Amino acid sequence: MSDKRHHNNFKKREQNLTTEQKVEQFIIRNSNNGFFTKVSTISYKFDIPKDTAWSIVGELLASELFDSIHDEYTGEMKLCETGKIYTIKNMEMKRKREKYKSKKIINKESEQNANS
């Protein structure tokens with residue numbers, strides 16, 4: 001038998017994206033999954049200086065494809081796709097409620113087990 005390797009299973013390499021395009025896709029992906037993207041995460045996620053991250057954010061906001069909101073507790077800027085602020089906030093609220101309910105159920109079960 002021949003030792004010839006078949007390279008048909010390999011995917012074609014996608015073209016390299018610029019950092020701006022990667023950041024844009026990251027924000028869109030987070031928005032579609034129901035999460036905001038904190039501006040502070042961009043610099044270390046993509047290994048770029050904070051100044052560069054802020055200039056990219058400025059360009060994205062100027063393009064009007066993205067909206068920004070500030071965290072009510074920390075004041076940190078968060079980004080999402082235009083028109084998705086309230087849907088993402090609603091999803092965050094639901095996640096917090098579910099987390100609270102699951103903690104409450106776990107606490108009840110542990111109390112019952114302790115009393116038994």
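Select Phe66 and Glu81 in this predicted model: Glu81, in strand E3, is the bridge partner of Phe66. Extend the selection to residues 77–81, which make up E3, and to E2; the two strands run antiparallel and are joined by five bridges. Another pair along this ladder is Asp67 with Cys80 of E3.

Next, display the connection that links the two strands. The hairpin of E2 and E3 has six residues between the strands, and Gly75 there adopts a positive phi near 80°.

Now add strand E1. Two bridges join E1 to E3, again in antiparallel fashion, and Lys38 has Lys78 of E3 as its bridge partner. The complete sheet is open, with three antiparallel strands in the order E1-E3-E2. E1 (37–38) and E2 (66–70) stand at the edges with a single partner strand each, so one side of each lacks a neighbour in the sheet.

Show the helices that pack on this sheet. Helix H1, residues 19–32, touches E1, E2 and E3, and its direction makes about 80° with that of E3. Helix H3, residues 50–62, touches E2 and E3, with a direction at about 40° to that of E3.

How is strand E3 placed with respect to the rest of the structure? Five of its five residues are buried, so E3 is largely enclosed by the rest of the structure.

Select H1 and H3 together. Their axes come within 10 Å and cross at roughly 65°, and the crossing is right-handed. On the H1 side, the contact is made by Thr19, Glu20, Val23, Glu24 and Ile27; on the H3 side, by Ile56, Glu59 and Leu60. By character, the residues of this contact comprise four nonpolar, one polar and three charged.

Turn then to the interior. The largest nonpolar core has 14 residues, of which Val23, Ile27, Ile42 and Leu79 touch the most other members. H1, helix H2 (39–45), H3 and E3 each supply at least two residues of this core, and H3 gives the most, with four.

Centre the view on Leu79. Leaving aside residues up to four places away in sequence, Leu79 touches Ile27, Phe36, Thr37, Val39, Ile42, Val57, Leu61, Asp67 and Ser68. Finally, select Phe36, Ile69, Cys80 and Ile88, which are among the five residues of a second, separate core. Two of these residues have appeared earlier on the tour: Phe36 as a contact of Leu79, and Cys80 as the bridge partner of Asp67.

Terms used
Residues numbered from 1 in each chain as written. Predicted model: local features only at pLDDT ≥ 70, side-chain atom pairs only at ≥ 80, totals over all residues. Heavy atoms only, no water. Pairing = 2+ DSSP bridges. Contact = heavy atoms within 4.5 Å. Axes fitted to C-alpha atoms, helices over the stretch in contact; angles between N-to-C directions. Core = buried A, V, L, I, M, F, W, Y, C linked by side-chain atoms within 4.5 Å. Buried < 20%, exposed > 50% of the residue type's maximum accessible area, 1.4 Å probe, protein only. Left-handed = near helix turned anticlockwise from the far one by under 90°. Nonpolar A, V, L, I, M, F, W, Y, C, P; charged D, E, K, R; others polar.
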